[in-house]
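User: I'd like to go through this model with you and ask where the labels come from. Could you take me through the reasoning step by step?

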Amino acid sequence: MSPAELVYTAASTNRYFQAASISPDGLVAFGSGKLVALWDAKVRILKVWKKDGSQACLLHVLSHNTFNDMPHSQWRIASSQQAHTGGVSTLALQGRYAVTGASDSAVKVWLAPEKESDGFKELQTITLKKGFPIALALAVLSGTESLLLAIGSTDRNIHLWTGSDGTFVQAAILSGHEDWVKSLAFSPPPNDGEPLILASGSQDATVRLWNVEAFTKPNFAPSGSSTSNVTDELLDAFEASLVNMEDAEDGGRQISLKRHIMTVKSSQNNSQLFSVTFDALLIGHEAGVTSLSWRPQESHESLPTLLSTSTDSSLILWSPSTILTSSTDGTTLWINRQRFGDIGGQRLGGFVGGLWARGGSDVMAWGWNGGWRRWRCESSESDQASTLEDWTEIGAITGHRAPVRSVAWSPGGEYLISASLDQTTRIHGAIPTERPDGTSVSVWHEIARPQVHGYDLIGAAFLDPLRFVSIADEKVARVFEAPREFVEAVGNLRVASLDPGEGNRPRAAAVPPLGLSNKALTDVSAVAEVNGDADDSRTRRRPFEGELAAATLWPEVEKVFGHGYESIALAVSNNKKYIATACKATSAEHAVVRVYSTQTWQPIGQPLAGHNLTVTQIAFSPDDTLILSVSRDRTWRLFEKSEDRYVPLAANRSHGRIIWDCAWAPDGAVFATASRDKTHVESKAWAAVATIQMKSAATAVAFAPVASDSRSRTVAIGLESGEILLYAAPRDDPSQWSCTLTVDKCEQGEHQLASCGEDGTLKLSTVHIVDPE
């Protein structure tokens, strides 16, 4: 058997503010399409497993002990049940209680099972009369065993429910926000005498803080005693009765000073009163607030700090002022302590959600495109209560947010490029990283995003280490050349040592307004305007998510025209002198392969005709004398090089369904085709010599580049189910193929196998191939 080890996974995070959660030990669970991924915040993604159905949009760590005790390769679904008739939009946990809200306007209370086989038990269903829930938060009221449930709704209000023994009753409705309440968060358990703080964030770009604290009925003074306190209480009551939350004449809403009184059962089974009052209005974001999170408090003296993210691409840390807060009138003044992100507002959709890590020393947030940004506080833990903190951005994880359609290695195998329907191409490389024990290990990261396009990217392939060609859902193929910053970066990061060549290589690239072509930047001032200061500090570390889309672009140097419809297939010859392309087609007129010279970018001969429907894949033979093409018309065709052009050689209809992929063996004596008919065919002398039956549709195929003296051939077959199968056969008998390894979506000599799929992930595995005895 050939063992395989998963080396690298690139995956994005879904566009839901509750799509990620973190354990106290720093293990992040996040939804990526229909997958759930685990990321050790100190290392990389550890595990990805499949979730059937729609996208994974709600995650919450139920118990961090589970993460510590269970190996990352043994995760499985323990319980699954139908909860709502509409899509689940929000989730909250407290102890064994779980609360879910959905677009069916229902909020359901569940009790987590004590035994794995029992499943969740439904305790109560709360139906909102107006709107539907989009945010939930749960907390325990101090001095009681009762729970306080806050429901943020599309009716712009916050609904408070109190419950004991799993039964909740409505307690109050908090008004004030002018738009949907998108997020809610209760502060950590307060100290004695301090209120519980509920933070609410809204689409109206504001954050409101509400104090929940024990309330004692006022005792009116007897006759003859001081009446000042009585007068104050009466005035407060009178003011509360007058100031209601009603729409003002200008359409805005007034700030309410009303005190909401709730009655709950205390731990001694007595009734206890709690009051909820509006405390502070936090204004700083320029667009809707997407998530809120309180900083874990290391000590009682630590300042409470609230993290808020917004679609204006900003992340703000709020905390009470230690100087301006009055200690006599009970008011609290909250200030903007730190602000991260981008200036300018709403860049690329802003931030979707944010989390605290490392006990409050790290702040992490993921954006609209699914990538993470991370900042670290360098001050010591003893200085957490200090108002002065030094924050520095550090690296995080990235990934495509749409199906990945193509992956290709650089000529030397130092890095690889991926193309996705998220309209980007991305370059991934292994960066030598020092371990705590002093040893070095290569860790894969995204190191450049050379193309951010206006059309979905279909394929990309290298012409040389510093040039690649890509095709998109357009009629043009585009050629890109690396700028000087990329050459310096891969050298400084020890990913590869590249020769920049002669001549003036542009410093960077940028996309002009309303343009699709990356333009070269050579002027220092122009580079600084787009990418910041033109120093070399950025090239000595891997780029952050905020820089990848702007500071790592490659200039476009050529466009290749010819097709009448959108491009669909791309291949580069092994000597890098030719490229072959095909487009979508419904007739023989357009179902052709066009070959171009990479020196002049002019066509080589006439288009290669023969197919009747779209050509799905093209492959050059190892010596570039043959071109193999496969099509939706269920046929493959061979074209042979004759002088300065290619001519038809052979054709065959070996499959009963569409043929998705094709590949040549390293010696050029055998080629393989993969089809939706669940078969994989090996052909020699242009006749089928073996047909391998798959359990699901075969969608991809590639031969391992084994040594010339190897006694066997190894082929990797990708299936529609997400599995990758490795088959081997003796070199002298290509009809005898046997399965040597199944690389599952989650499983763990050397060959590196890169794969990509419709799930939006890119994976890199190390496969050890051994010749059979």
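User: Which residues in α3 are buried?

Analyst: Keep in mind that this is a predicted model. In α3, the buried ones are Glu-485, Phe-486, Val-487, Ala-489 and Val-490. Just after α3, Arg-494 takes a positive phi of about 65°.

User: What makes Pro-500 partly exposed?

Analyst: Its relative accessibility is 38%. Buried would need a value under 20% and exposed one over 50%, so Pro-500 counts as partly exposed. You'll find Pro-500 in the loop between α3 (484–492) and β34 (508–510).

User: What does Pro-500 touch, leaving out residues up to four places away in sequence?

Analyst: Leu-466, Val-487 and Arg-505. Val-487 is also one of the buried residues of α3. As for Pro-483, which is 17 residues from Pro-500 along the chain, the two C-alpha atoms are separated by 9.0 Å.

User: On to the rings. Why is the pair of Phe-351 and Trp-375 called edge-to-face?

Analyst: Two values settle that. The centres are 6.3 Å apart, and the limit for a pair is 6.5 Å, so the rings of Phe-351 and Trp-375 qualify as a pair. Their planes stand at 80°, and anything over 60 degrees is edge-to-face, so that's the label.

User: How do you know that this pair links distant parts of the chain?

Analyst: Phe-351 belongs to strand β23 (residues 351–357) and Trp-375 to strand β25 (residues 372–377), with their positions 24 residues apart in the numbering.

User: Are those two rings buried or exposed?

Analyst: Buried in both cases: Phe-351 has a relative accessible area of 6%, and Trp-375 has 5%. The cut-off is 20%, so each value falls under it.

User: And what makes Trp-664 and Trp-686 an edge-to-face pair?

Analyst: The reasoning runs along similar lines. Their centres are 6.2 Å apart, and their planes are at 85°. With 6.5 Å as the limit for pairing and 60 degrees as the angle to exceed, the pair is edge-to-face.

User: Which parts does that pair tie together?

Analyst: Strand β44 (residues 659–664), which holds Trp-664, and the loop between β46 (679–684) and β47 (687–693), where Trp-686 lies. Those parts are 22 residues apart in sequence. On burial, Trp-664 has 8% relative accessibility and counts as buried, whereas Trp-686, with a relative accessible area of 30%, is partly exposed.

User: How many aromatic pairs does the whole structure have?

Analyst: The search finds 23. Ring pairs also link Tyr-415, Phe-462, Phe-468, Phe-480, Phe-486 and Trp-554 into a cluster.

User: How do you know that the charged end of Arg-541 sits over the ring of Phe-544?

Analyst: That charged end is 4.0 Å from the ring centre. The distance limit is 6 Å, and the charge must also lie within 35 degrees of the ring normal. Arg-541 is listed as sitting over the ring of Phe-544.

User: Last topic, the sheet. Why do β19 and β22 count as edge strands?

Analyst: The four strands run in the order β19-β20-β21-β22 in an open, antiparallel sheet. β19 (289–294) and β22 (334–341) each have a single partner strand, so one side of each is left without a neighbour in the sheet. Neighbouring strands here are turned by 20° against each other on average, direction ignored.

User: What makes β19 and β20 a pair?

Analyst: The requirement is at least two bridges, and β19 pairs with strand β20 (residues 306–310) over five, in the antiparallel sense. Ser-293 stands opposite Leu-307 in β20.

Methods:
Residues numbered from 1 in each chain as written. Predicted model: local features only at pLDDT ≥ 70, side-chain atom pairs only at ≥ 80, totals over all residues. Heavy atoms only, no water. Phe/Tyr/Trp six-rings, centres within 6.5 Å; stacked < 30°, edge-to-face > 60°. Helix = DSSP H or I, 4+ residues; strand = E, 2+ residues; numbered from the N terminus. Buried < 20%, exposed > 50% of the residue type's maximum accessible area, 1.4 Å probe, protein only. Axes fitted to C-alpha atoms, helices over the stretch in contact; angles between N-to-C directions. Contact = heavy atoms within 4.5 Å.
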